[in-house]
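Grab a coffee and work through these exercises with the model open beside you. Try each task before reading its solution.

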Amino acid sequence: MTQEEIKQALLLRLKSIAPDTEPAQLQPDDNIRLTLGIDSFDYLQFIVALDDQFGIDTPEEDYSKIQTLKELTEYVEAKVKK
């Protein structure tokens, strides 16, 4: 899976949890939660859904490392390759 495919999957998932937003307009270094106005519970649900979708495990201590679209895309890409 390419980084672009991962990014598109992330954007689709973000649109499903925040349907009134435009995730496609996120810039790579934008904070996802702040930019889209997603609360911590919805962000947690988003991460859990990503774990299921990509077959990865995101430990709670990693949540602070994946705040931007760029960080999250690279994080998922690295986990998928393992």
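**Exercise 1. Place S16 and work out whether it is buried, partly exposed or exposed.**

Start with the address: S16 sits in helix α1. Keep in mind that you're looking at a predicted model. Next, check the accessibility: S16 has a relative accessible area of 47%. The partly exposed class runs between 20% and 50%, so S16 is partly exposed. Now follow its side chain, which reaches the backbone oxygen of R13 at 2.6 Å. Finally, look across to F46: S16 and F46 are 30 residues apart in sequence, with 9.1 Å from C-alpha to C-alpha.

**Exercise 2. Find the largest nonpolar core and say which helices supply it.**

Step one is the head count: the largest nonpolar core holds 21 residues. Step two, pick out the residues with the most contacts inside this core: L10, L14, I32, F46, F54 and L72. Step three, trace the suppliers: at least two core residues come from each of α1 (3-17), α2 (32-36), α3 (40-54) and α4 (69-81). A bit of background helps here: in soluble globular proteins, nonpolar side chains tend to be buried together.

Now zoom in on F46. Skip its neighbours within four places in sequence, and you find F46 in contact with L10, R13, L14, I17 and L72.

**Exercise 3. Describe how α3 and α4 pack, then sort the residues of their contact.**

To describe two packed helices, you give the angle between their axes and the distance between the axes. For α3 and α4, the angle is about 35° and the axes are 11 Å apart. Add the handedness: this crossing is right-handed.

Then list who meets whom. From α3 you have F46, I47, L50 and F54, and they meet L72, V76 and V80 of α4. Sort the residues of this contact by type and you get 7 nonpolar, no polar and no charged.

**Exercise 4. D62, T58 and T68: where do they lie, and are they buried or exposed?**

Take D62 to begin with. D62 belongs to the loop between α3 and α4. Its relative accessible area is 9%, and the cut-off for buried is under 20%, so D62 is buried. What does the side chain of D62 make a polar contact with? The partner is the side chain of Y75, at 2.5 Å. Not counting residues up to four places away in sequence, D62 touches Y75 and K79.

Move on to T58, which is also in the loop between α3 and α4. T58 has a relative accessible area of 7%, so it counts as buried. The side chains of T58 and D51 are joined by a polar contact of 2.6 Å. Leave aside neighbours within four places in sequence, and the contacts of T58 are I47, D51, Y63, I66 and Y75.

That leaves T68, another residue of the loop between α3 and α4. Its relative accessibility is 11%, so T68 is buried as well. Leaving out neighbours within four places in sequence, T68 is in contact with P28, D29, D30, N31 and I32. For a distance check, go from T68 to T35: they are 33 residues apart in sequence and 9.6 Å apart in space, C-alpha to C-alpha.

**Exercise 5. Decide whether E77 and L34 are buried or exposed, and find a residue far along the chain from each.**

E77 is part of helix α4. At 18% relative accessibility, E77 falls under the 20% cut-off, so E77 is buried. Look along the chain to Q3, 74 residues from E77: their C-alpha atoms are separated by 6.4 Å. Beyond the neighbours within four places in sequence, E77 is in contact with Q3 and I6.

L34 is in helix α2. With 70% relative accessibility, L34 lands over the 50% cut-off, so L34 is exposed. Its distant residue here is T68: L34 and T68 are 34 residues apart in sequence and 9.7 Å apart in space, C-alpha to C-alpha.

Definitions and conventions: Residues are numbered from 1 along each chain as its sequence is written. This is a predicted model: local features need pLDDT of at least 70, side-chain atom pairs count only at pLDDT 80 or more; totals for chains, interfaces and linings use all residues. Side-chain values use heavy atoms; hydrogens and water are left out. A nonpolar core is a set of buried Ala, Val, Leu, Ile, Met, Phe, Trp, Tyr and Cys residues joined through side-chain atoms within 4.5 Å. Buried means under 20% relative accessible area, exposed over 50%, partly exposed in between (1.4 Å probe, protein chains only). Helices (H or I, at least four residues) and strands (E, at least two) are DSSP runs, numbered from the N terminus. Contact means heavy atoms within 4.5 Å. Axes are lines fitted to C-alpha atoms, for helices over the stretch in contact, and angles run from 0 to 180 degrees between N-to-C directions. A crossing is left-handed if the near helix is turned anticlockwise from the far one by less than a right angle, and right-handed if clockwise. Ala, Val, Leu, Ile, Met, Phe, Trp, Tyr, Cys and Pro count as nonpolar, Asp, Glu, Lys and Arg as charged, and the others, Gly among them, as polar. A polar contact is a pair of N or O atoms within 3.5 Å; within protein, one must be able to donate a hydrogen and the other to accept it, and residues adjacent in sequence count only if both atoms are side-chain atoms.
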